[in-house]
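Student: I should like to take a close look at a single part of this structure. Please treat it in one connected account.

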Amino acid sequence: MKLSLESIKDKEAWKGYHLPEYNPSEIAENTKKNPTWLHFGPGNIFRIFPAVLCQRLIEQGKMNTGIICCDSYDEENIIRGFRPNDNLTIAVTLNADGSIEKEIVSSISESLTMLYDSERVAEIIKNPSLQMVSFTITEKGYSLRNAKHELVPAVVEDMANGPQGCKAFLSQLTAMCLARRTACGAPLALVSMDNCSHNGEKLQSAVMEIAKAWLDNQKITQEEYDYLQNDIAFPWSMIDKITPRPNPTVEAELIKDGVEDVSPFVTAKHTYVAPFVNAEKPQYLVIEDQFPNGRPPLDEVGVIITDRDTVNKVEKMKVCTCLNPLHTCLAIYGCLLGKETIAEEMNDPELSAFIDQMSHKEGMPFVVNPGVIDPQKFLNEVLTVRLPNPFMPDTPQRIATDTSQKLSIRFGETIKAYEASPDHKASELTLIPLVQAGWLRYLIGVDDQGNAFECSPDPLLASMQEKLAGMTLGGAINEEQLRPILSDTVIFGVDLYECGLADKVIGYFKELMAGPGAVRATLKKYIK
């Protein structure tokens, strides 16, 4: 069986798969005439979460259009991953009880690239029927600056030249929104669905910074700037669904079913692509209710539509306490201890106890309760269902990516809460600083057996390792050499010296660096 619109008409051949309960070709035709939803960044989480939500609404008769997707970064994803399969995806849900659910998702009606199809993308954004443009382009996709906080050359050039012939994606997006004003004047919602704090604000800041440069350079009028300011909405959102890279065990299962050409491949830009996506069942999407041109009825398929303050609280609950800090802890120590999956780590007595105690004793006393989701129930699901799921092939190495960008929000906010409390001090913390020390130990690039390993990609990896140069397993630790790192408020959210945690982190680091086996010994010492 080959994944195609023609093939899935044979329901008997695809027995065991949930097939679309509508005519995908008819939906595609409707979408071409009256597009309502455009998405940038058609990666794995998009294909198994928002795209499935759209499929549900179509099946329920609540939408008669699909999603148009566009890759603004890696055209190979579209050319090799989407189009040969008629834009279909096999969505594989891996349940904690060992069962799996397989579904053919056909709600993606058209696939485009900014490189080759920019005129078509601009045409879609000009259409007054378009209600929302969503994004899963990763947090780095919203930045106009490099690691040195300098505007990247393409953005500098775009700011000087104005909306015509832009090179950077965010400049192109801003220009296309201005073209929408000229074409129809209708408002629009640009909805970031990326897993980062204040995602809508990040997108808005980038768009408006570009627009302000154009206004200052007399490339656009005040009226055009005001349209972006007043008629383009940037709702905040919180998304949560663990979606690892395509897994060989899932591939084998599909091949056993008779599905052909399902093997994953890696593009020249290092995107992992396959005709299938594997993910856990639990999922959460909370979006600020700011859709000036209307929206799909997402609230009827489990999406929580609410106000900005509630979105912010949900995000803080997850990112600062109930999930992300646990993930980062497991990522760091999983790499050091040679673990291959998160589920394997949950069978490790020290590691499972580590995140249980850290979350309950140090995080939950200051958790933000959003009201729409119960923090304790959410945490319990993470600890007992999501992380231990043996059929969720997620790895500590994947989660360790960009750790320097995550430490501030995932642990810094809790440290600040302790500092602000009249009854507590940050110096009381014992396990959060053990994670911070573990990150320093991880940067050495040597596991607990003394074997070298490759650290995951991180924009600060080279500079951090340079600051730690000369420190070796079993060697002397120069405390002053650590000062520039531990005092960096960008990395940790706080100056660890000022809040009384630096000495504790340094002490832990020395213990973790004592020699082979020191990581395990340190965990046994402090995890009771």
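Which residues in helix 8 meet which residues in helix 9?

Tutor: Some conventions come first. This is a predicted model, in which local features need pLDDT of at least 70 and side-chain atom pairs count only at pLDDT 80 or more, while totals for chains, interfaces and linings use all residues. Residues are numbered from 1 along each chain as its sequence is written, and side-chain values use heavy atoms, with hydrogens and water left out.

Met-208, Ala-211, Lys-212 and Leu-215 in helix 8 meet Gln-222, Tyr-225, Leu-228 and Gln-229 in helix 9. Contact here means heavy atoms within 4.5 Å; helices (H or I, at least four residues) and strands (E, at least two) are DSSP runs, numbered from the N terminus. By class, the residues of this contact comprise five nonpolar, two polar and one charged. Ala, Val, Leu, Ile, Met, Phe, Trp, Tyr, Cys and Pro count as nonpolar, Asp, Glu, Lys and Arg as charged, and the others, Gly among them, as polar.

As for geometry, the axes of helix 8 and helix 9 come within 10 Å and cross at roughly 170°. Axes are lines fitted to C-alpha atoms, for helices over the stretch in contact, and angles run from 0 to 180 degrees between N-to-C directions. Helix 8 and helix 9 are therefore roughly antiparallel to each other, a term for angles over 145 degrees (under 35 is roughly parallel, 65 to 115 roughly perpendicular, and the rest oblique).

The loop between helix 8 (199–216) and helix 9 (222–230) holds Gln-218. Phi of Gln-218 is near 60°, a positive value in a residue other than glycine. Most residues other than glycine have a negative phi. Gln-218 counts as exposed, at 72% relative accessibility; the cut-offs are under 20% relative accessible area for buried, over 50% for exposed, and partly exposed in between (1.4 Å probe, protein chains only).

Leu-228, one of the helix 9 residues in the contact, also has a place in the core. The largest nonpolar core has 75 residues, of which Tyr-333, Phe-354, Trp-439 and Leu-496 touch the most other members. A second, separate core of 44 residues includes Leu-38, Ala-206, Ala-213 and Leu-228. Such a core is a set of buried Ala, Val, Leu, Ile, Met, Phe, Trp, Tyr and Cys residues joined through side-chain atoms within 4.5 Å.

Gln-229 offers a last reference point: its C-alpha atom and that of Glu-157, 72 residues apart along the chain, are separated by 22 Å. Glu-157 belongs to helix 6 (residues 153–161) and is partly exposed, with a relative accessible area of 35%.
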